[in-house]
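User: Hi! I would like to learn how to read a protein structure, one feature at a time. Could you walk me through one?

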Amino acid sequence: MARKYFGTDGIRGRANGVITADLALRVGQATGLVFRRGEHRHRVVIGKDTRLSGYMIETAMVAGFTSVGFDVLLLGPMPTPAVAMLTRSMRADLGVMISASHNPFDDNGIKLFGPDGFKLSDEDELEIEAMIDADLTKKFAKSAALGRAKRIEGVHDRYIEFAKRTLPRAMSLDGLRVVVDCANGAAYRVVPEALWELGAEVISIGVDPDGLNINRECGSTSPQALKAKVRELRADVGIALDGDADRVVMVDEQGHLIDGDQLLAVIAESWLEDGRLAKPGVVSTVMSNLGLERHLAAKGLSLVRTAVGDRYVLEQMREQGYNVGGEPSGHIILSDYATTGDGFVAALQVLACVKKLDQPMSAVCRRFEPLPQVTKNVRYAKGTAGRPTEHEKVKGAIADAETRLNGHGRLIVRPSGTEPVIRVTGEGDDAELIEAVVDDIVGAITEVSAG
């Protein structure tokens, strides 16, 4: 069934354009009604990142939830994984995170969590969608049953303690100089404080949100400032989170970037040695580097691939019983601790390896040499009859590329889920060959789209 509102990670779009106060109010009402189960007093926790539009959306959602009888607990700026954790620990019926993750400030979004702390199922989302545009007037709470709203204190401390408990009891980060970039986002208070409490010397950047600067030239999608600061201060490690702190990339003491694939390798090997891997493998997406797959195979571990999106990684982990998964972008899901990606907890697991091995980040985190990988985007007109990838000329170009690779590489040709763009990715041992086959496919798609 086609979706009108929900994408792969909640509802997202331009603030006050797609994500309006009216839509936020109706999402609150519809979601509350779908999850109004039983006669108990229902409650929802709502967190947000630091976008200016968060005030508007938060207020509208409070009105929506209270109008259908939900009590609302407002968390203020908090990481997405903290909201998921608090939904469970506070026995809430729902959790809401108002965030557009790594997008610019003028976007925003609504992520929803069930009482178990997991993102909602497709079935729940479709039921909510059906109600958003319906007339719900007759289902509103009676005057005496309206919900109340209050802002609660102490939630930052709860998340900090939760994160610290993911490390071995006696472990300290004493002696580590850490630069942390919080992307002027949701983690700007909790993560620097937690690192300091763990004993690290902490230098914080991206901790001055003004409502407009979230993810702007900072954070995991723009780590140049972090690299420079690590080199300038001769720090041992850099940590870059995104706007809602559900993804992370890191930087070693030389200022070199460590992406999600390398982080997955570090954590998986460490957990294998400690007997903590639930199954001998890791879940990631089709975009993970073939170098990671080969490296894990040499350790006796499999790489289970899914479609792009942390939602699909988590689904596979839950279905198959894996407890480590993630994406090259830095969404790392450690299901022993969290029900969603948690950039800070993933970073702590890597720092634990650094302390355990007593080696610099560059030695700990360079587990494999990535194979050359090329990605090129081709935009096509929305009115194009069918998708360009369905055209015989494009199919022929893809088949020819597969023949030329002859098993020594991978091709991924996939439409974007959010815009009329085809993404063509090639990966293999021969960089020149990869560039050539990607260009041939891009040329075919461009020709078909123009015709």
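**Reading the features step by step**

Analyst: Let's begin with one residue: Tyr-55 sits in helix α2, which spans residues 54–67. Keep in mind that this is a predicted model.

User: Is Tyr-55 buried or exposed?

Analyst: Tyr-55 has a relative accessible area of 55%, so Tyr-55 is exposed. The cut-off for exposed is over 50%.

User: Which residues make a nonpolar surface patch with Tyr-55?

Analyst: Leu-52, Phe-105 and Leu-212 join Tyr-55 in a nonpolar surface patch of about 390 Å².

User: Thanks! Now, how should I read a sheet?

Analyst: The general idea is that strands of a sheet pair through backbone hydrogen bonds, in a parallel or an antiparallel way. Here, one open sheet has five strands in the order β8-β7-β9-β10-β11, with mixed pairing.

User: Which strands stand at the edges of that sheet?

Analyst: They are β8 (201–205) and β11 (257–258). Each has a single partner strand, so one side of each is left without a neighbour in the sheet.

User: In which sense do β7 and β9 pair?

Analyst: Strand β7, residues 177–181, pairs with β9 in the parallel sense, over four bridges. You can find one partnership in the picture: Val-179 has Gly-238 in β9 as its bridge partner.

User: Which strands of the sheet does α7 touch?

Analyst: Helix α7 packs on the sheet and touches β7, β8, β9, β10 (248–251) and β11. The direction of α7 makes about 160° with that of β7. Helix α11, residues 343–357, also packs on this sheet, touching β9 and β10. The direction of α11 makes about 35° with that of β10.

User: What is the pairing in the sheet with the order β16-β18-β17?

Analyst: That open sheet of three strands has antiparallel pairing. Its edge strands, β16 (373–379) and β17 (409–415), each pair on one side only. From one strand to the next, the twist averages 10°.

User: How many bridges join β16 to β18?

Analyst: Seven bridges join β16 to strand β18, residues 421–428, and the two run antiparallel. To see an example, look at Gln-373, which stands opposite Glu-427 in β18.

User: Let's turn to backbone angles. What should I look for in phi?

Analyst: As a general idea, most residues other than glycine have a negative phi. Asn-16 has a positive phi of about 65° although it is not a glycine. You will find Asn-16 in the loop between β1 (11–14) and α1 (21–34). Asn-16 counts as exposed because its relative accessibility is 56%.

User: Where is Arg-234 found, and what is its phi?

Analyst: Arg-234 is in the loop between α7 (224–233) and β9 (237–241). Its phi is near 50°, a positive value in a residue other than glycine. With 73% relative accessibility, Arg-234 counts as exposed.

User: My last topic is salt bridges. What is the idea there?

Analyst: In general, side chains of opposite charge can pair when their charged atoms come close. A search of the whole structure finds 38 salt bridges. One of them is between Asp-106 and Arg-14, whose closest N and O atoms are 3.7 Å apart.

User: Why does the pair of Asp-106 and Arg-14 tie together parts of the sequence?

Analyst: Asp-106 lies in the loop between β4 (94–98) and β5 (107–113), while Arg-14 is in strand β1, so the pair ties together parts that are 92 residues apart in sequence. Asp-106 counts as partly exposed at 27% relative accessibility, and Arg-14 is partly exposed with a relative accessible area of 46%.

User: Which side chain meets that of Asp-122 in a salt bridge?

Analyst: It is the side chain of Arg-311, at 2.3 Å from N to O. This pair links distant parts of the chain: Arg-311 is in helix α10 (residues 310–320) and Asp-122 in helix α4 (residues 122–132), 189 residues apart. Arg-311 is buried, with a relative accessible area of 10%, whereas Asp-122 is partly exposed at 33%.

User: And what about Asp-274 and Lys-356?

Analyst: Their side chains meet in a salt bridge of 3.4 Å, N to O. Asp-274 lies in the loop between α8 (260–273) and β12 (281–285), and Lys-356 in helix α11, so the pair ties together parts that are 82 residues apart in sequence.

Definitions and conventions:
Residues numbered from 1 in each chain as written. Predicted model: local features only at pLDDT ≥ 70, side-chain atom pairs only at ≥ 80, totals over all residues. Heavy atoms only, no water. Buried < 20%, exposed > 50% of the residue type's maximum accessible area, 1.4 Å probe, protein only. Patch = residues over 30% accessible without salt bridge, like charges linked within 9 Å, V, L, I, M, F, W, Y side chains within 5 Å. Areas by Shrake-Rupley, 256 points an atom, 1.4 Å probe, with all protein chains shown as cover. Salt bridge = Lys/Arg side-chain N within 4 Å of Asp/Glu carboxyl O. Pairing = 2+ DSSP bridges. Contact = heavy atoms within 4.5 Å. Axes fitted to C-alpha atoms, helices over the stretch in contact; angles between N-to-C directions.
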